[in-house]
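Me: I should like to learn how to read burial, contacts and overall form from a set of coordinates. Might we begin with the idea of burial?

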Amino acid sequence: MNPEERESIRRNIEDVRRRIAEAAASAGRSGDITLIAVTKTIPHERIIEAIDAGITDLGENRVQELTDKIGAVDREVNWHMIGHLQKNKVKYIIEKVKLIHSVDSEELCDEIQKRAERAGRIVDVLVQVNVSGEESKFGIPPERTEEFLRRVSEKSNIRVRGLMTIAPLVDDPEKTRPYFRKMYEIFIDIKRKTINNISMDYLSMGMSNDFEVAIQEGSNMVRIGTAIFGKRK
Ligand SMILES: *Cc1c(COP(=O)(O)O)cnc(C)c1O
C-alpha cells in the first residue's frame, strides 16, 4: 500500500466521523454513535490501516470472509456479522463476533440458542427488520417484529440488543428518511414495552449513502464501507 492510499483511508475516516458528529448535532442528538467499518472485499493491509487510524468495530457480511479476516487481522477489535446468516454457519462465528446484526428467522434463533448453550455463552444479536418490504431484502416485517421479539425473548442464551435495517438503495438519501423514521418508531415502541431479555440499546441503520439521514432519525450504529475504503471492485 502506498502512502497516498494510507492517507486517503485516514482522511476518509476523519471525514466520516465529522459528518456523523454534524448529523447528530443537526438533529439535536447527543450520545454515542458506533461507527462500524465494513470491510467486505477489502484487503487485510487496508483494514489494519483503518484500525491504526482508530477504527474499533469491523463488519463483514459473509461467514467465510469474516473468519478469514479474524485470523489474518491480528488486532483487538470487535467483529460484527452484518449479512444474512445461514443456519449451518452459525457454529463458525458464534464465539468470534461481538454482535450478529442479521437475525431474521426463528430457525436461525433456534440454531444460535443451541450453539450458544453448548458453548456456555450469551450471544448478543440485533433483529433485522425489512422496513421497506422489498422482496429482495431479508428481515422480519415491521408488523410482526414485536411478536417475533417476544418469541426470541424466551431463548435464554440469546440477548437481543436492538434492531437493524437496510434502507432501499436510492440516489437521493432523503428518500430513505421515512423508512428510518418508521424504524425508530418501532425501536421506541418496543423499548417502552420493556420485554424481558430484550433491550433496545442499538439501532443499526445507515450506510455510506444514507448514514446522515439515518442518524438524524435516531440511528446509533452505522455500517460504512465505501465512504472509508472507496468503491469496492
Ligand atoms: C456492504 C454493507 C454495508 C456498507 O455499505 P457501503 O454502502 O459500502 O457503506 C452496510 N451494511 C451491510 C449489511 C452491507 O452488506
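Reply: A residue counts as buried when its relative accessible area is under 20%, and as exposed when that area is over 50%. The model shown here is predicted.

Me: Is Glu-217 buried or exposed?

Reply: Glu-217 counts as buried, because its relative accessibility is 10%.

Me: Where is Glu-217 placed in the chain?

Reply: Glu-217 belongs to the loop that joins helix 8 (211–216) to strand 8 (221–224). The protein chain has 9 helices and 8 strands.

Me: Which residues is Glu-217 in contact with, leaving aside its neighbours within four places in sequence?

Reply: A contact requires heavy atoms within 4.5 Å. By that criterion Glu-217 touches Arg-177, Phe-180, Arg-181, Tyr-184 and Met-205.

Me: How should the contacts of the protein chain be read by separation in sequence?

Reply: One takes the contacts between residues at least 6 apart in sequence; in this chain, 60% of them join residues at least 24 apart.

Me: What does the radius of gyration say about the protein chain?

Reply: The value is set against that of a compact globule. For 233 residues such a globule would have a radius near 17 Å, and the chain agrees because its own value is 17 Å. Along the principal axes, its C-alpha atoms fill a box of roughly 50 × 40 × 30 Å.

Me: How much of the protein chain is buried, and what area does the chain expose?

Reply: Of the 233 residues, 48% count as buried. The exposed area is about 11500 Å², with 44% supplied by carbon and sulfur atoms.

Me: How far apart are the mean positions of the positive and negative charges?

Reply: The mean positions of the 39 positive and 39 negative charges lie 2 Å apart.

Terms used: Residues are numbered from 1 along each chain as its sequence is written. This is a predicted model: local features need pLDDT of at least 70, side-chain atom pairs count only at pLDDT 80 or more; totals for chains, interfaces and linings use all residues. Side-chain values use heavy atoms; hydrogens and water are left out. Helices (H or I, at least four residues) and strands (E, at least two) are DSSP runs, numbered from the N terminus. Buried means under 20% relative accessible area, exposed over 50%, partly exposed in between (1.4 Å probe, protein chains only). The radius of gyration is taken over C-alpha atoms; the globule rule is 2.2 Å times the number of residues to the power 0.38. Accessible areas come from the Shrake-Rupley method with a 1.4 Å probe; for residues, only the protein chains shown count as cover. Lys and Arg count as positive and Asp and Glu as negative; His and the chain ends are not counted. The place of a charge is taken as NZ of Lys, CZ of Arg, CG of Asp or CD of Glu.
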